[in-house]
Amino acid sequence: MNYLITGGVMHAMRTLAKVMTPVVELTKKQDGKYMLTCTTLIRNTSIEFNLDEEFDEETLDAHRVKSIITQEGNKLVHFQKSSGYRKETTIIREFEPDQLKMTLTADNVTCTRIYKPVK
């Protein structure tokens, strides 16, 4: 919960985050761009990006940020920066055969989420 407070997430969204079970999907399109989709009961988001290229993003909690995603082996490193009060955020998504490990860091506060494959 400290991560969400540090990240500037409003109280109502923090409360909902405790009970949400997002479904995350990463696909590569024919044109080479990636599509990262997050589906929840409250809101769905989708970002389309090329590796190593900055793009505009609206986060799940409706903040506008500038983002860049790079690849390091089996990891996607996602850096978000904002001109507002929201802290700069780094999200590392580590893809393993049996799980997706997502490590989020803002202002030296870290949160780890583990996602299991949908069967």
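How much space lies in the second largest pocket? About 350 Å³, in what is a predicted model, so keep that in mind as you read on. The chain has 119 residues, and 34% of them count as buried. Its secondary structure comes to two helices and nine strands. Here's the rundown by topic.

**Overall layout**

- Reading from the N terminus, you get α-α-β-β-β-β-β-β-β-β-β.
- If you look at contacts in the chain with a separation of 6 or more, 17% of them come from residues 24 or more positions apart.

**The β1-β2 hairpin**

- β1 covers residues 23-28 and β2 covers residues 34-39, and the two pair in the antiparallel sense over six bridges.
- One pairing to look up in the viewer is Val23, which stands opposite Thr39 in β2.
- Five residues sit between the two strands of this hairpin.
- Gly32 is in the turn, and its phi is positive, at about 95°.

**The six-strand sheet**

- The open sheet is built from six strands, in the order β4-β5-β6-β7-β8-β9, with antiparallel pairing.
- At the edges you'll find β4 (55-58) and β9 (109-115), each of which pairs on one side only.
- On average, neighbouring strands here are turned by 25° against each other, direction ignored.
- As a general reminder, strands of a sheet pair through backbone hydrogen bonds, either parallel or antiparallel.
- Within this sheet, β6 (residues 75-81) and β7 (residues 89-96) run antiparallel and are joined by six bridges.
- For a concrete pair, take Lys75: its bridge partner in β7 is Glu94.

**The second largest pocket**

- Back to that 350 Å³ or so of space: the pocket is lined by 18 residues.
- Which residues lie nearest its centre? They are Val24, Tyr115, Lys116, Pro117 and Val118.
- Two or more lining residues come from each of β1, β7, β8 (99-106) and β9.
- β1 gives the most to the lining, with four residues.
- By residue class, the lining divides into twelve nonpolar, two polar and four charged.
- The hairpin and the sheet both show up here: β1 pairs with β2, β7, β8 and β9 belong to the open sheet, and β1, β7, β8 and β9 are the elements that give two or more residues to the lining.

Key
Residues numbered from 1 in each chain as written. Predicted model: local features only at pLDDT ≥ 70, side-chain atom pairs only at ≥ 80, totals over all residues. Heavy atoms only, no water. Pairing = 2+ DSSP bridges. Axes fitted to C-alpha atoms, helices over the stretch in contact; angles between N-to-C directions. 1 Å grid on protein atoms, 1.4 Å probe; cavity = no way out; pocket = protein on both sides within 12 Å on 5 of 7 lines; lining within 4 Å. Points joined across faces, edges and corners; volume = space filled by probe spheres on them. Nonpolar A, V, L, I, M, F, W, Y, C, P; charged D, E, K, R; others polar. Buried < 20%, exposed > 50% of the residue type's maximum accessible area, 1.4 Å probe, protein only. Contact = heavy atoms within 4.5 Å.
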